[in-house]
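The following exercises concern the architecture of a single protein chain. Please work through each task before reading its solution.

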Amino acid sequence: MKQKVFIIGFQKTGTTSLEHALQHMGYRVYGGDKNLMKFTDIKELQNYIKTTLKHWDAVQDMPWPLFYKELYNVFPEAKFILTKRNTDEWIRSVVRYFASIRFPLHRKIYNVPCAEGYEQRYIEVYEKNNKEILEFFKGKPNFLVLEIGKNFNYQTLCEFLEIEEVPSGSFPHGRNNKKRKLPNYKLYRDIRSLYWNYKKKY
């Protein structure tokens with residue numbers, strides 16, 4: 001088993017790219033788990049985390065970033081990575097991607113119906129969680145901040161994970177194709193949101 005690695009950055013901060021990088025290096029990465037939001041007893045939650053992650057090397061995706069303290073209490077020797085990006089860039093990316101789709105998980109996290117039209121609330125939650133994470137891990141050697149546009153690369157990641165053989169290829173990232181540019185248009189986002197809200201009965 002590899003040393004566990006927990007990605008505790010919010011969505012749209014390069015978490016998927018980091019997941020692909022870890023998978024390229026042989027890590028088994030577990031995604032988001034909505035069940036985390038159901039627990040009211042801390043011991044039951046920690047037992048669930050311990051059991052669920054028994055055969056996984058890493059985690060990423062929401063709502064894991066909200067449970068960094070529980071992850072630390074269960075696996076204090078693990079490596080923790082906070083992925084970040086400029087707040088303005090982050091909220092623009094969130095709105096482009098999630099638009100007005102009323103995801104139940106997002107409503108629980110942000111306490112508003114959707115991203116578009118409620119940007120300030122999303123920003124408040126995003127910045128507050130990042131600030132609390134930075135304060136919690138201050139001075140802890142098993143913590144790293146990876147910020148898009150600054151140090152998002154294999155060299156920084158491998159040094160932190162104490163991996164000597166750094167992959168030679170470029171770090172994984174999304175492609176700027178025509179389909180990915182469509183969400184820049186509000187009409188497209190509105191139609192897509194109506195479709196998904198109707199289909200999923202959100």
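**Exercise 1. Overall dimensions**

Determine whether the radius of gyration of the protein chain agrees or disagrees with that of a compact globule.

Solution. The radius of gyration is taken over C-alpha atoms, and the globule rule is 2.2 Å times the number of residues to the power 0.38. For 202 residues the rule gives a value near 17 Å; the protein chain has 17 Å, so the two agree. Along the principal axes, the C-alpha atoms fill a box of roughly 50 × 45 × 30 Å.

The model is predicted: local features need pLDDT of at least 70 and side-chain atom pairs count only at pLDDT 80 or more, whereas totals for chains, interfaces and linings use all residues. Residues are numbered from 1 along each chain as its sequence is written, and side-chain values use heavy atoms, with hydrogens and water left out.

**Exercise 2. Elements and sheet**

State how many helices and strands the protein chain has, and describe the order of the strands in the sheet.

Solution. Helices (H or I, at least four residues) and strands (E, at least two) are DSSP runs, numbered from the N terminus. The protein chain has nine helices and five strands. Read from the N terminus, the succession is β-α-β-α-β-α-β-α-α-α-β-α-α-α.

Next, consider pairing, which requires that DSSP find at least two bridges between two strands. The five strands make an open sheet, ordered E2-E3-E1-E4-E5, with parallel pairing. Strands E2 (29-30) and E5 (143-147) are at the edges and have a single partner strand each, so one side of each lacks a neighbour in the sheet. Within the sheet, E1 (residues 5-7) and E3 (residues 58-59) run parallel and are joined by two bridges; Val5 has Ala58 as its bridge partner in E3.

**Exercise 3. Helix H6 against the sheet and H4**

Identify which strands H6 touches, and characterise the crossing of H4 and H6.

Solution. Contact means heavy atoms within 4.5 Å. Axes are lines fitted to C-alpha atoms, for helices over the stretch in contact, and angles run from 0 to 180 degrees between N-to-C directions. H6 packs on the sheet, where it touches E4 (79-84) and E5, and its direction makes about 145 degrees with that of E4.

The axes of H4 (residues 87-98) and H6 (residues 119-136) come within 10 Å, crossing at roughly 125 degrees. Angles under 35 degrees count as roughly parallel, over 145 as roughly antiparallel, 65 to 115 as roughly perpendicular and the rest as oblique; H4 and H6 are therefore oblique to each other. Their crossing is right-handed (the near helix is turned clockwise from the far one by less than a right angle; anticlockwise would be left-handed). From H4, Thr87, Trp90, Ile91, Val94 and Val95 meet Glu119, Tyr122, Ile123, Tyr126 and Glu127 of H6.

**Exercise 4. Helices H1 and H7**

Describe which residues form the contact of H1 with H7.

Solution. The axes of H1 (residues 15-24) and H7 (residues 154-161) come within 12 Å and cross at roughly 60 degrees. The two helices are therefore oblique, and the crossing is right-handed. H1 contributes Leu18, Ala21, Leu22 and His24, and H7 contributes Tyr154, Leu157 and Leu161.

**Exercise 5. Backbone exceptions**

Locate the cis peptide bond and the positive phi values of Lys12 and Asn111.

Solution. Most residues other than glycine have a negative phi, and most peptide bonds are trans. The bond from Met62 to Pro63 is cis, with omega near 5 degrees; Pro63 lies in the loop between E3 and H3 (68-74). Lys12, not a glycine, has a positive phi of about 70 degrees and is in the loop between E1 and H1. Asn111 has a positive phi near 60 degrees, and its place is the loop between H5 (104-110) and H6.
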